[in-house]
Amino acid sequence: MPTLLIVHHTPSPNCQAMFEAVLAGATAPEIEDVRVVRRPALSATATDVLDADGYLLGTPANLGYMSGALKHFFDQVYYPCLDSTRGRPFGFYVHGGSDVTGALRGIETITTGLGWRRAAEPVRVTGEPDRAAVERCWELGATLAAGLMG
């Protein structure tokens with residue numbers, strides 16, 4: 001059974017709302033035979049990444065960059081997973097107070113280095129997530145999970 005790994009850093013109610021929407025989309029009743037594993041960024045391991053077939057990442061934008069927790073995740077898994085995970089699909093969402101550009105750029109740079117294939121447009125939200133933002137998160141989760149269905 002294919003596995004979607006959701007790696008997230010969820011320190012705020014806004015990030016929590018986005019995470020819950022992504023998870024709801026990934027586990028929607030229409031999604032069949034896809035295992036969804038969720039890990040906080042500080043707990044996710046190279047084994048988690050190697051055991052998964054696709055990835056969904058979530059982070060706040062802190063001081064113009066992804067959270068330190070997500071950066072720590074990438075630092076821990078980059079070399080152990082570099083050759084074995086090339087071409088695997090991924091997607092991501094970012095929440096910020098005013099600007100998420102640096103976080104987007106950082107994630108794109110690292111995932112390009114890993115050779116991961118972006119399977120959906122990132123969801124970018126500044127301020128409180130409105131209904132449309134939550135729906136985009138749901139769609140992101142559903143898209144990544146559906147792409148893994150046999």
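Two strands are taken to pair if DSSP finds at least two bridges between them. In this predicted model, strand S1 (residues 3-8) and strand S3 satisfy that condition, for they pair in the parallel sense over 5 bridges. Within this arrangement Val7 stands opposite Leu57 in S3. Strand S3 (residues 54-62) is also joined by 6 bridges to strand S5 (residues 89-96), and these two strands likewise run parallel; here Leu56 stands opposite Gly91 in S5. A further set of 2 bridges links S3 to S4, but in this case the strands run antiparallel, with Ala61 placed opposite Met66 in S4. Of the 9 residues of S3, 8 are buried, so the strand is largely enclosed by the rest of the structure.

The antiparallel partners S3 and S4 form a hairpin that leaves 2 residues between them, and Leu63, which sits in the turn, has a positive phi of about 55 degrees. Leu63 is a residue other than glycine, and its place is in the loop between S3 and strand S4 (65-66). With a relative accessibility of 92%, Leu63 counts as exposed. A second residue with a positive phi is Asp33, for which the angle is about 60 degrees although Asp33 is not a glycine. Asp33 is found in the loop between helix H1 (13-26) and strand S2 (35-40), and at 55% relative accessibility Asp33, too, counts as exposed.

Aromatic side chains provide another view of the structure, which holds 6 aromatic pairs. One of them is formed by Tyr55 and Trp116, whose rings are stacked, with 4.2 Å from centre to centre and 20 degrees between the planes. Because Tyr55 belongs to strand S3 while Trp116 lies in the loop between helix H4 (101-114) and strand S6 (117-118), this pair ties together parts that are 61 residues apart in sequence. Both rings belong to buried residues, since the relative accessible area is 0% for Tyr55 and 7% for Trp116. The rings of Phe90 and Phe92 have their centres 6.0 Å apart and their planes at 5 degrees, and therefore this pair is also stacked. Phe90 is buried, with a relative accessible area of 2%, and Phe92 is buried as well, with a value of 0%. The four residues just described, Tyr55, Trp116, Phe90 and Phe92, are joined by Phe73 and Phe74 in one aromatic cluster.

The cysteines were examined for possible bonds between their sulfur atoms, and the count comes to 0 disulfides. For Cys137, the closest cysteine sulfur is that of Cys15, at 9.7 Å, which is too far for a bond, given that a disulfide requires two cysteine sulfur atoms within 2.5 Å. Cys137 counts as buried, at 0% relative accessibility, and Cys81 is likewise buried at 0%.

Cys137 also appears in the surroundings of Ala21, a residue that lies in helix H1. When residues up to four places away in sequence are not counted, Ala21 touches Val134, Cys137 and Trp138. The C-alpha atoms of Ala21 and Glu135 are separated by 7.2 Å, although these two residues are 114 residues apart along the chain. Ala21 is itself buried, with a relative accessible area of 7%.

A further buried site is provided by Asp48, which has its place in helix H2 (residues 46-51) and counts as buried at 14% relative accessibility. A polar atom of the side chain of Asp48 lies 2.9 Å from the backbone nitrogen of Thr45. Apart from residues up to four places away in sequence, which are left out of the list, Asp48 touches Leu5, Arg39 and Ser43.

Key
Residues are numbered from 1 along each chain as its sequence is written. This is a predicted model: local features need pLDDT of at least 70, side-chain atom pairs count only at pLDDT 80 or more; totals for chains, interfaces and linings use all residues. Side-chain values use heavy atoms; hydrogens and water are left out. Rings of Phe, Tyr and Trp (its six-membered ring) pair if their centres lie within 6.5 Å; planes under 30 degrees apart count as stacked, over 60 as edge-to-face and the rest as tilted. Helices (H or I, at least four residues) and strands (E, at least two) are DSSP runs, numbered from the N terminus. Buried means under 20% relative accessible area, exposed over 50%, partly exposed in between (1.4 Å probe, protein chains only). A polar contact is a pair of N or O atoms within 3.5 Å; within protein, one must be able to donate a hydrogen and the other to accept it, and residues adjacent in sequence count only if both atoms are side-chain atoms. Contact means heavy atoms within 4.5 Å.
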